[in-house]
Every structure is written in C-alpha cells, then in structure tokens.
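Me: Could you take a close look at one part of this model for me, the place where the two chains meet? I'd like it told as one connected story, with whatever else helps to place it.

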Amino acid sequence: MSSSSINKPGPGNKAWGAVTYLWDYFATRFKNIDIFDEHHQLEAKTNPFYALGPIFYLVWFATMASGLLLICWYVPTKAAAYDSIYAIQWHVPFGNIVRGVHKYGADAMIIAATMRVFRMFINADYKPSKEFNIAIGLVTLLLSMYSGLTGYLLIWNQRAFWATKVFATFPTYMDQFPVMGDYYEPLVKSLHLGWNTAEVLLGAGGAITQETITRFFSLHLAFSLIPLILVEIYFYNNNYVRMPLNWIKRTVVMLMLVVTAIILPAAQGRRSDPDVTPLPILSDWYFLGLYQMYKYLEPVVATEITMVIPVTVILLPFIDTWLCGPEKNIMKRPFILMMTIMGGASWIIFSYLIIINVANIHNDPPFWRSISYLAIDAGIVWQLLLIWKSKDAKEWARGARPAIVAAVMGGLQCVLAFLYYFMALTEMFMGPLTQAFTYMTFRPFWADKATALENVTRVLVPKGTEMPYNTDFTVAATGWIVKVPNGDEALKQLEVLKSTPSAIDWLFQLIPTFNPKAPVYQSAIDYMVANKWVYDYITFADRMNLQGLNPAPYAVYPMHVPEVDWWWMIGGLLTTVLAIVTFFVSRSKGKAPAVPPPDKAATPEKPAGAAS
Amino acid sequence: MEDGVKRRTILKTVAAVPLALTFGLLASPFLRFLRPTLKPLDVLGHSDQPIAEPPIPTFTDKDFPDEWTCIPFTFNQKYIEYNPELAEVRTIPGFIVKLPNGDVVAYSRICPHLGCVFNFVKDPEECAKGYNFKPAGPVFACPCHLSVYDIAQAGKVVSGPAPRPPRRFSLKQTGDTYQVISLEAGSIA
C-alpha cells in the first residue's frame, strides 16, 4: 500500500493532491480495521492477550445462544418480568446455568473488550496506520456495556431500575452544553438533543414504565443482531478465519462460564419499587466508576466528561503518533503509559470507593483533580525528558514536534486551570464566566456607557434572582419588574442604552437573533443585554468584588481555591513551560551543521506509515 | 485495488448525498416510533406539558399533628402521546410537609439531579452518616448521588451535585383542606 507515493501532490495540482492524500489516509486505515484481532492470529497462538478478540467473539456467541433460550421463558412486562426470572432461575431445568452463562458471558465480553483496548495501547497495536482500531475496540466495548445496561433492566430489580433511571436522565444535561444546548437558544437553535435522547430511551415522559421495558428489550436484541449481520458481512467479504482458537481453548473458556454460573449463581436482587430508592444504591459493576464521578461533580461537567472520555480514547493513538512516531516500546511512550495507568486506576479506585462507601463528596474532588492531572503531567514531562536525552542534531530535530504537541496539551490544562481559578472564587460556571470575560474584552468600545449599562442591569435584577435561560433578558426582566423599585424607569433607560451605537456593532449584527420580529440586533449593547452577557459580567464583577461594592448576599465572595488544587494548576503551568523550552532548544540544536535538513527528520513516521 | 480516488467514486458520493437526505426526510415521520410524544411535523419540538389526572391527593389539617410531619403521596400526570391510547398516565411520588412556621408545602420526590426518588431524613445524625452532610434540621436526601435539600429554605441544595431545588406542587387550600393540584413544569428529572 505505498499509496501516497503515487498521488503525491505535485505543483499546480495541490488541491487534488490534498484530496487524494486524505482519501488514501482514510482508505488505508479503514482497510487495516481489526474487529476481533484478525490480523494477529499468529500471535494469538502464543500470546493469550492477542486471543482476546477471538475470545470476545466466542463469548458473544455463547451469550446470544443462552439469550435465545432465555427468551423462551422471559416475560417482558412490568408485572411478570421479575417472576419469570425467578422461574428461570429456580424452576426451569438448567435455567440457572443458562442464565448464569448469559450474565457471566456478558461480563466476560466487557472484561475481554476492556483488556483488549488496554493491550492495544500498551503494545501500540494501532501503529502503523491502524489508529481506527482503537475506535473499533471502543465501539465493541460500548456496545457490550449498552447491551448489559439494557439487559439488566429486564430483570426488573431495584439496582436495575435506579441505574436505568440515572442512565436515561443524564443525557438531558446535554441541553445545557455550550453552543448545542438550550442555554444559547437566542444564539443557536437548540436541537433538544438531550431531552430527545432521554425520551427515546424511556419511551416518553419521565418515568420507567412498561414502554421502557419493551424498548429496552428491543434494543437489547438490536445491539447484538445488527452488529452480528455487519460482522458476518465483514468476515465473508474479507475471507478471515472467524475464530482461530482450537477446541481446547474454546472448551476452557466455555467451562469457565459454566463453572462460574454454578458456583456463583447470577443474583436477582430485590423486586423494583418505583417509590423507594435504597441507600446505598449501586449500578452494575462496569458503570460504578462513572457513578462515583456523578457524586463528585456538577451534573453538566460529569455529563461532559462522560462524553469526553470516549473521544479522548479515540484521539489518543493520533496524539501518540505525533509524540513518538513509529515507536512501539511502552517505556519510550511514557505519555501513553501514564494515561493508561491513570485511566485504569481511576476506574478501579472509583469503583472500589463506591463499593466500600467511604468517599466524602466534599473533600475528595481536589485530590482527584490533582492526582489525575499530575499523572498526565508526569507522562508529558517524562516524554520531554526523553527528548533531552537526544545525542545528535538529528535526534534533537525530531523532538520539535512532540514538544509542540506537549505544549498544546499543557496549555489546555493551563486554560482549564485559569477558568477553574475563577470558578472556584465566584462559583460561576464556565459558560457565564466566558461570557463575562468576552463582555470585559468589548467593554472599552462603549466607553462611558458601560458603567451606566451595568448599573441599570444591577437595578433590574434583584439579588438572588434565578435567571431563566432560554429567554431574552428584557423579556425576563419585564416579568419580575413589579417587584423592583424604580423598575419601569430602569427599563426605559435600558431601552435607550440598547440603541446606542458603538464601533463594534457590525460584528454583533452578523449574529442572527432567532426572533422573527427583530431579526438583527440594534447594536452590540443590545446583543450583550439580550443574551445576559452584561448580567454575567456584573455577577462576575460583584462576586470578585472588583468595584468594592460587596453587596450583602455576595459577602461570602470571592471564595478561596482549595490548596490541593494548586498542585495541578501549578503542575500544568510548569509542564507547559518545560514543553515550550524543549521546543526552542530542540529547534536550535536540530539546526546543527553537517546533518540532513530538519524538515526531513521531523516527520519520521511517514515512510513507516506508507510501508504497512 | 488501485490507489488514489477514482472519479467514479467521487461522482457516486456526490450523487448519493442529496438522495440520502431526501429519503431521510421522507422517513422522518417514522421517528414517532422512537418518540411517541413527537408532534406531527415537529421533529425537534418539545413534547406537550403533562396535565393533572384524578384522583387528586387531598389532605386536612388533622393529617399534620406535629411540625415536620411528612406524608408521602402519589400524583398522577397525563401525557399526550401519539400511541394507540393517545395518552399515558405517569405517577409522580411526592412529599407533603408541615413546616415549623405552620406552612404546608409539597415537593416532587424525583431528584432534580438524575431522577432517583429521594427520602425524608428527619434526624441530622442519620443524614451525616449516610449522606456526607450534617444539616441543621430535617432534610430531603437522595441515596443515588447524595444530594441534600433543605426543606426550611424552600428546598435549597445544601450538599451534593444537584443543580436546583426539587420541583414543587401547587397546593389549593380551602378551609382546613389541602389539594395537590399541579406540578411545577420542568425537565425529566
């Protein structure tokens, strides 16, 4: 597949060359996809870790087969589900084994898929040009987890009921995400993505009812049926061996399931009761880590992190390639080593914490932030130290790109630290905080009007008001104006201020209002008022006590940053500085005479990628 | 296989996009399979707000002998749905509490965090043991993620990750009778 050599972007053909390059880039990676370790069948004979894919496939079939038997007896209704499981467990001949194989088969799939993703990272199985394999591995893991989730609601016990409630409700917080959420509705048309997701999962409304069981039953089958068809087409088209395991290995895996099913009968728990949430309540084991995280964090942040984790996992192989080129030895890829340790350890520790129930939701979060960030920082610093060990100019030149990637990652952490600092002081959230900063940037444009505008807004918003999102500020203020002394007058002043022109108006008039009656903002000030950015600024200014006003309800502000948080905030800063220094040092040392030009050496993984 | 992009592949892709969009739009009414509250021709719209459905929970002053008497009840809500029954009735669990100042208030027991059903915890010691927080008086506390709501401060979140107070029921007082007539509108949780 020496693809890029044929269609090299030549002079005068640059655009087409770029298209061809991108096409080849993706085509190569799609061709290298590895769903069940088909490309590692030789290694699988000697190294059990490379048999995880085939084991996953085998256990998947065992789970589907036992599931087919269970369907014969299972009744998917609110009234009968729990009893039918009881009957399967205790009255149907060998029902306990069939159910045990189904349950432990599902668990084994999740264990195998997780171990496989970790193996891919540690052995760099995604190099060269196989970065999409991580995404495939992750999809198999997520599909197993979703099958598990939809499956254990069917038992209709307490644990299943409440875990499902939590799982189906957390997507609603997507509606509070920046840009895509309802919060920015005046600016962006919201898709109500979170609400719609929750309604699709639950059936409708906000409760778990018969409809939820029915559609979870349907999803539970679909999560296996659709992949089964796709996988079979894939195997058929590519002529791969489906399961390179001999009979001994297959028997060992199957026996493990059966023996576990006999000595540790699958639990049934207590019948679900929609009126009582027991304390403590857990989810199934693979979601416990996330469940603990939801205790620690603001729900919007927790939802964001839940979505960011898979995206990060998919991006990591690319970052690794930028950092280390074709290197496969884990000890020479310390960033991935530390990320792997951090990810695995936090999952295990969080799960352990929730099981023994010793965590304190008020004191722990700064420690978690510090430990996680510092683990990543340690990886980055270690990576940079490897660059400092370079012996000649060629090696030094190779260090420039990793250094800049490290600087970007460290810089991201610094931005988060900067935002976090003000979040901790003012208890304001990222969105309002960013808006306050933006207002602060544009504030000089309306010179003497700015103070008047802020004072009018202060008059219009009684202290402690819950500001409704999704509504124009003037409309919202008109709603409560009866309670505000001199409210009408202030509103009139606001209208005058809103029509005041300023030099930056053209920028804000480019943004649509989504209000058919007034499709364009009158001025920049109008935009700032309507979208509550002025309000965000005065909240910020008052809570930071910028003007020394310090009104009574805000006397507790500015609050203080927990000491432990300074560890990661400073750690991120030091990492970034080291990365930038490394970049400049490697640039200057890489330019030493009597060596090949640095631009050739700076992209070492390209020939390796093409040679795959 | 030849390397590079074939002209035919690009033309095929360019032609397929509008076709896929057209058929996708034609198929969009089938989304109601997934979301029975979907209004016709309003794919991204909100659902209708639910309405109260009898029986209406009713209490009298005699039900509250002491301050902090807390009675659980259930409140029925009807959702308009485009399913064969055209509606679905959901049961919302609630607590009605008498405050020390004599007011009677009612809250939905559905935790605004992630939808679990929270408990009434009268003893601050018990709250400190189970929920990581020692309040001043009786509170609502959710077992799922340990959110604690102070009833005396209108359900203010005093501990835990919840973003806002629980939703309130409107009470209609006639003489010594309290009727729970509606639930504050809000999200799923």
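Reply: In this predicted model, 48 residues of chain A are in contact with 47 residues of chain B. Putting the two chains together buries about 4100 Å², and carbon and sulfur atoms give 61% of that area. If you want residues to click on, start with Trp23(A), Trp195(A) and Leu279(A): they supply 14% of what chain A buries against chain B, more than any other three residues.

Now for the charges. The rule finds zero salt bridges across the interface of chain A and chain B, although the structure holds 15 of them over all chains. One pair to look at is Glu131(A) with Arg29(A), whose side chains meet at 2.8 Å, N to O. That salt bridge links distant parts of the chain, with the partners 102 residues apart: Arg29(A) belongs to helix H2 (residues 14–31), while Glu131(A) lies in the loop between helix H6 (95–123) and helix H7 (132–153) of chain A.

Staying inside chain A, have a look at how helix H4 (residues 52–71) packs on helix H10 (residues 210–238): the angle is about 135° and the axes are 12 Å apart. That angle makes H4(A) oblique to H10(A), and the crossing is left-handed. On the H4(A) side the contact is made by Tyr57(A), Trp60(A), Phe61(A), Met64(A) and Ile71(A), and H10(A) brings residues including Phe217(A), Leu221(A), Ser224(A), Glu232(A) and Phe235(A). Sorted by class, this helix contact has 11 nonpolar residues, one polar and one charged.

Technical notes
Residues numbered from 1 in each chain as written. Chains lettered and ligands numbered in written order. Predicted model: local features only at pLDDT ≥ 70, side-chain atom pairs only at ≥ 80, totals over all residues. Heavy atoms only, no water. Axes fitted to C-alpha atoms, helices over the stretch in contact; angles between N-to-C directions. Helix = DSSP H or I, 4+ residues; strand = E, 2+ residues; numbered from the N terminus. Parallel < 35°, antiparallel > 145°, perpendicular 65-115°, else oblique. Left-handed = near helix turned anticlockwise from the far one by under 90°. Contact = heavy atoms within 4.5 Å. Nonpolar A, V, L, I, M, F, W, Y, C, P; charged D, E, K, R; others polar. Buried area = accessible area lost by both parts, 1.4 Å probe. Salt bridge = Lys/Arg side-chain N within 4 Å of Asp/Glu carboxyl O.
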